[in-house]
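Dear colleague,

I am passing on the structure below, together with some notes on what turned up in it. Please keep it open while you read, so that you can follow each part in turn.

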Amino acid sequence: LRANAALLVTANLLIWMIDPHFSAELPDEHGLSLCVTSRREVQDLTHGNLTSVPSNLSCNTRYLDLSFNPIRRLNGDSFLRQPHLCFLKITNCGLEEISVDTFDRIPALKALNMSSNKLLTIPELRLPNLKILDLAGNPHQSYALPASFESLVDLDFLSLGSTTAQSVMTDDFGPLLRIPLKHLALGAGIPWKTYEAGALRKLSFQKMSLNASFCGRFDLFDGILRDLNETGATALRLIKPFPDKCELDVDPLENLRTMPNLRNLTIENTWINSSFLELLLKNLWLSTIEDVSFVRLTYNEDTPDGFQLKTLNHSISLRSFTFDGVKHYQIGYPTVNVSCEAASNLIYLKFSGSGMNILLCQSIFALPSLETLDLTNNLLSDYGFWWYTCSYTSVLPKLKRLYLRQNRFSSLSFIAGKTHEMKTLEFLDLSFNSIVLDGKCDWPAHLTEISLSNNNLGNDVFKYLSKSFRKIDLTRTGITAMTQSDVSLLPHLTHLVLSSNGIPFIPDFSESPALVSLHIDQNAITYLSKEMLYRLPRLETLKAGNNPYVCSCDSHWFLTRFDKSILVDWPLDYTCSTPQSLTGLPLSEFKTTDQSCFVWLKVVLALSVLTVIVSIIGGLFYKYDGMWYAKMLMVWIRMKRRGKKRSQLLMNVSFAYHGFISYSHHDAGWVDNQLVPCLENAGFSLCVHERDFVPGDWVIDNIINCVEASYKTLFVLSKHFIQSEWCNYELFFAQHRAISVQEDSLVFILLEPLPDDCLPRKFLRLRSLLRQQTYLEWPSDETKRQVFWASLKSMLRMADKSVALKDVATAISDAARQMTMQVQKSGPSYDRLQ
């Protein structure tokens, strides 16, 4: 059975640009993932017109790109302050000289790209941690490596290529004999003149990329293949091995049949005609190679019947076949006749960038073992893929994955119906098309994965999906919101990609409990909250970087509590967007605390601290008799506050004494030995009844006169005081005077504690006064007595002594006469012992 495949290539078919060397093998993203954890560690100084490495670089720099600067030399002082530098790129700088000690100060370097410069020799390098080294595009004269390369024990990738080095000698790679490389890339796209047999034989590597032309010197190519077979390499990449219109008088790839270790062959950027393609594929069919790729191929038919590959009586190992980028010059369609038996074991087939617009009946659809079909970047439409004249009786019976991205498909409902014909299809890629939601979609239950990315679908797309879908890619589809009702339409969802949309928050996925992977990066999310992420109990992978995060307490839980091991892009892609003062700050460097973000915690903490402080102060207050000192302080403050008021009130009053002392005879010892001497020596005049009462006058008259003539009345309180009748009279007259003239004229000195239950009924007023009015306690501790005397003296300060209390005295005399009559009837004598 044979089939014709129609290929149409448009004039404007995009052909990828061809790199002069292998730097494309190592994109900068690889260096970022290898070395960088924060954007602050990256320094991009390209096109800066620098003539040397800046000396003010951050010492935390790990990724440094100095490309496209006129830097001619590097020496030991170039990297003095970059001990953590891990990736260094310095390409297209015209670099001519590198001193031996240049890299001594950056031992952590893992990736070094010095391609496309003017180094005449391969530099000495002593970097035991180096994994990636690209020196391609330098005009060194040979491929001989310095002996110092023996120290590059961790080297995985090495790229060498010079437009002036056309010979490879036996000893060129001697320093690499004990280093197990993963990938060795050689050549700069020019023909080699000499290759000494055995130059590569003793090396150890898994893959080789060879960028050299061998037209007319296939003997060199044959020698390389023989040595490559000895290395045990499993992959070979040939870049432009046969230039345009190369005359092939021998079969240059015949040795492929005798290379049992080789499993992967890639041929790039080359010209090939139909006769040579037939010869090449026969060699591939008869080899152990399982994966063949033709990348950016220029095809020409030099036989009238086009490409013919008939049945071969040989077991075929080939499992994967790729055409990625095909250009041809025929006016009509190329003719391809391939035996289905030759392709019966294929499980992977890719035709990309070929301009294909039609799949003819029973062509690719008849491949019995095909599991993956990739038709990316063609011109296929709905009816170009499912040709309307065909009657599909057997449609890819084992196909599991179908890639139709970057084509011209449009009707989602039509495609959904056609997928029923592919009974084993599990994955469908329709990204980068012109898909429209044109009606109800009837999807087969066996289709569980779909990609609709880069189609303008909007928020209604979820209504056109299948409940059987487990993995969905909706990157850049114009979604601005995903509701809980949308989620409920996808109960079996396990993987969802919503990157590059306008979604402001993570939807509620409680209706999709099986979700384990979510990509929601490059959206409009400003923070990740506990409520959002707790709805995803089984989540194993989360990608949420490159969102406009607000650095505030809203992000506190995410920064301090969330398990970031499930974040595939943390911390590199997480930065602050607002406030403006923090714009660009890595989110991992934004610090918050529970105390600053939780008000209730602030209150609890403040109260706790306050309680501790109060407890400590209270303990010290109690231990060192703080209550007593506090009372004395209050007395002093009160006297100060009332000083002005008393001065105005007593402005026209004159006194003979600072104070009249009322006390019991039992306390006379303390009064005579302590109170009177201390106050009178301080300049105060005191009235004491034993000394200052006028002989012959009534006792009541003497009490009244002394109270009137004194600025204060001092009561020395004790258990004996409350047993004295005369003391009660003196208290009465002094209290009456305080109410009439000077409310602050009473001073109570407590010699000893007086319990409330020991006060007689006649002294109930004294109990009330002691509760309302501040009194002084006589301290037993001598260290406190100085404070006691200071407080007492401050109470006795007088204002003016100009006018006597005539009116008041008259009022008191009237009241005294009535009391005298009562006293005469009862007949007490003025004895303080009563």
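How are helix 12 and helix 17 oriented to each other? Bearing in mind that this is a predicted model, one can start from the axes of helix 12 (residues 668-681) and helix 17 (residues 785-795), which come within 11 Å and cross at roughly 60°. The two helices are therefore oblique to each other, and their crossing is right-handed. On the side of helix 12 the contact is made by Q674, L675, C678 and L679, while helix 17 contributes W789, L792 and K793; of these residues, 5 are nonpolar, 1 is polar and 1 is charged.

The next feature is an open sheet of 5 strands, arranged in the order 32-31-33-34-35 with parallel pairing. Strand 32 (686-687) and strand 35 (776-777) stand at its edges and have a single partner strand each, so one side of each is left without a neighbour in the sheet. Strand 35 runs parallel to strand 34 (residues 746-750) and is joined to that strand by 2 bridges, with I749 standing opposite L776 of strand 35.

Finally, the count of disulfides comes to 2. One of them is formed by C35 and C86, whose sulfur atoms are 2.0 Å apart. Because the torsion about the S-S bond is about -60°, this disulfide is left-handed. C35 lies in helix 1 (residues 28-35), whereas C86 belongs to the loop between strand 4 (73-74) and strand 5 (87-89), so the pair ties together parts that are 51 residues apart in sequence.

With best wishes

Note on methods. Residues numbered from 1 in each chain as written. Predicted model: local features only at pLDDT ≥ 70, side-chain atom pairs only at ≥ 80, totals over all residues. Heavy atoms only, no water. Axes fitted to C-alpha atoms, helices over the stretch in contact; angles between N-to-C directions. Helix = DSSP H or I, 4+ residues; strand = E, 2+ residues; numbered from the N terminus. Parallel < 35°, antiparallel > 145°, perpendicular 65-115°, else oblique. Left-handed = near helix turned anticlockwise from the far one by under 90°. Contact = heavy atoms within 4.5 Å. Nonpolar A, V, L, I, M, F, W, Y, C, P; charged D, E, K, R; others polar. Pairing = 2+ DSSP bridges. Disulfide = S-S within 2.5 Å.
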